[in-house]
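Here are my notes on the model you sent, as numbered points. Please keep the structure open while you read them.

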Amino acid sequence: MIFAKEQPLKTAYVLPIVVLWLVVFVAYNNIVSAGFVGDDLTVVVGNDSIKSIRSVLEMFYKSYWKDRPELGLYRPVTAFTYAINYFVGGLNPSVYHLFNLLLHAVNTTLFYLLSLQCTQKVKLAFAASLL
């Protein structure tokens with residue numbers, strides 16, 4: 001249905017996506033003006049590997065917590081997004097929060113499209129995506 005060849009996008013499919021994005025932004029827009037908290041101080045502010053393009057490769061073979069490698073956490077994609085955020089806005093927390101807000105909206109859209117594909121019901125896919 002949604003991925004069929006040559007099928008034009010219908011308002012019935014696009015409107016829920018627009019509403020979902022609005023809901024995400026209304027619900028979480030206050031985070032954009034917030035500062036760094038908790039582990040952000042260690043994994044973002046105190047993380048020198050996100051501040052150098054030469055360190056990007058390290059993210060794919062070193063521990064997420066540089067000061068606690070024995071924990072064995074491996075999160076290269078998360079660390080890589082921190083590097084992108086740093087490249088775009090330095091240590092401006094608004095950049096990091098806005099990126100996460102956009103990521104949440106994209107994931108909500110992908111979940112909606114997957115639900116729509118599985119159920120073939122716009123209202124059900126929309127309701128599930130609101131959760």
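1. Leu57 is found in the loop that runs between H2 and H3. The model is a predicted one. Leu57 counts as exposed because its relative accessibility is 63%, and exposed means over 50%. Val26 is 31 residues away from Leu57 along the chain, and the C-alpha atoms of the two are separated by 36 Å.

2. Two other residues of that loop are worth a look. Is Ser55, in the loop between H2 and H3, buried or exposed? Ser55 counts as buried, because its relative accessibility is 11% and the limit for buried is under 20%. If neighbours within four places in sequence are left aside, Ser55 is in contact with Asp48 and Ser49.

3. Asn47 also has its place in the loop between H2 and H3. With a relative accessible area of 8%, Asn47 is buried. A polar atom of the Asn47 side chain lies 3.1 Å from the backbone oxygen of Val43. Val43 is itself one of the residues of the largest nonpolar core, which is the next point.

4. Which residues make up the largest nonpolar core? There are 12 of them: Phe36, Val43, Val44, Ile50, Val56, Met59, Tyr64, Trp65, Ala79, Tyr82, Ala83 and Tyr96. H2 and H3 are the elements that give two or more residues to this core. H3 gives the most, with 3 residues. A second core, separate from this one, has 7 residues, among them Tyr13, Ile17, Leu116 and Ala125.

5. Ala83 can serve as an example of how the largest nonpolar core is held in contact. Not counting residues up to four places away in sequence, Ala83 touches Ile50, Val56 and Met59. These three residues are also listed in the largest nonpolar core, as is Ala83.

6. Next comes empty space. Rolling a probe the size of a water molecule over the atoms shows where such space is left. The count comes to 1 cavity of 30 Å³ or more. The largest cavity holds about 100 Å³ of space. It is lined by 12 residues, and the closest to its centre are Ser49, Met59, Ser63, Tyr64 and Ala79. By type, the lining of the largest cavity divides into 5 nonpolar, 3 polar and 4 charged residues. Met59, Tyr64 and Ala79 appear in the largest nonpolar core too.

7. The largest pocket is a separate item, with a volume of about 240 Å³. Its lining has 15 residues, of which Asp40, Tyr82, Tyr96, His97 and Asn100 are the closest to the centre. Three elements give two or more residues to this lining: helix H2 (40–45), helix H3 (76–89) and helix H4 (93–119). Which element gives the most to the lining of the largest pocket? That is H4, with 6 residues. The lining of the largest pocket is made up of 10 nonpolar, 4 polar and 1 charged residues. Tyr82 and Tyr96 are also members of the largest nonpolar core.

8. Two residues of H4 can be compared with the rest of the chain. Phe99 has its place in helix H4 and, at 26% relative accessibility, counts as partly exposed. Leaving aside neighbours within four places in sequence, Phe99 is in contact with Thr81 and Asn85. Phe99 and Val32 are 67 residues apart in sequence, yet 9.2 Å apart in space from C-alpha to C-alpha.

9. Val106 is in helix H4 as well. Val106 is partly exposed, because its relative accessible area of 38% falls between the 20% and 50% limits. The C-alpha atoms of Val106 and Gly72 are separated by 29 Å, with their positions 34 residues apart along the chain counted as the distance apart.

10. The last point is a backbone angle. Most residues other than glycine have a negative phi. What is the phi of Gln120? It is near 65°, a positive value in a residue other than glycine. Gln120 has its place in the loop between H4 and helix H5 (122–130). With a relative accessible area of 39%, Gln120 is partly exposed.

Technical notes:
Residues numbered from 1 in each chain as written. Predicted model: local features only at pLDDT ≥ 70, side-chain atom pairs only at ≥ 80, totals over all residues. Heavy atoms only, no water. 1 Å grid on protein atoms, 1.4 Å probe; cavity = no way out; pocket = protein on both sides within 12 Å on 5 of 7 lines; lining within 4 Å. Points joined across faces, edges and corners; volume = space filled by probe spheres on them. Helix = DSSP H or I, 4+ residues; strand = E, 2+ residues; numbered from the N terminus. Nonpolar A, V, L, I, M, F, W, Y, C, P; charged D, E, K, R; others polar. Core = buried A, V, L, I, M, F, W, Y, C linked by side-chain atoms within 4.5 Å. Buried < 20%, exposed > 50% of the residue type's maximum accessible area, 1.4 Å probe, protein only. Contact = heavy atoms within 4.5 Å. Polar contact = N/O pair within 3.5 Å; in protein donor to acceptor, adjacent residues only side chain to side chain.
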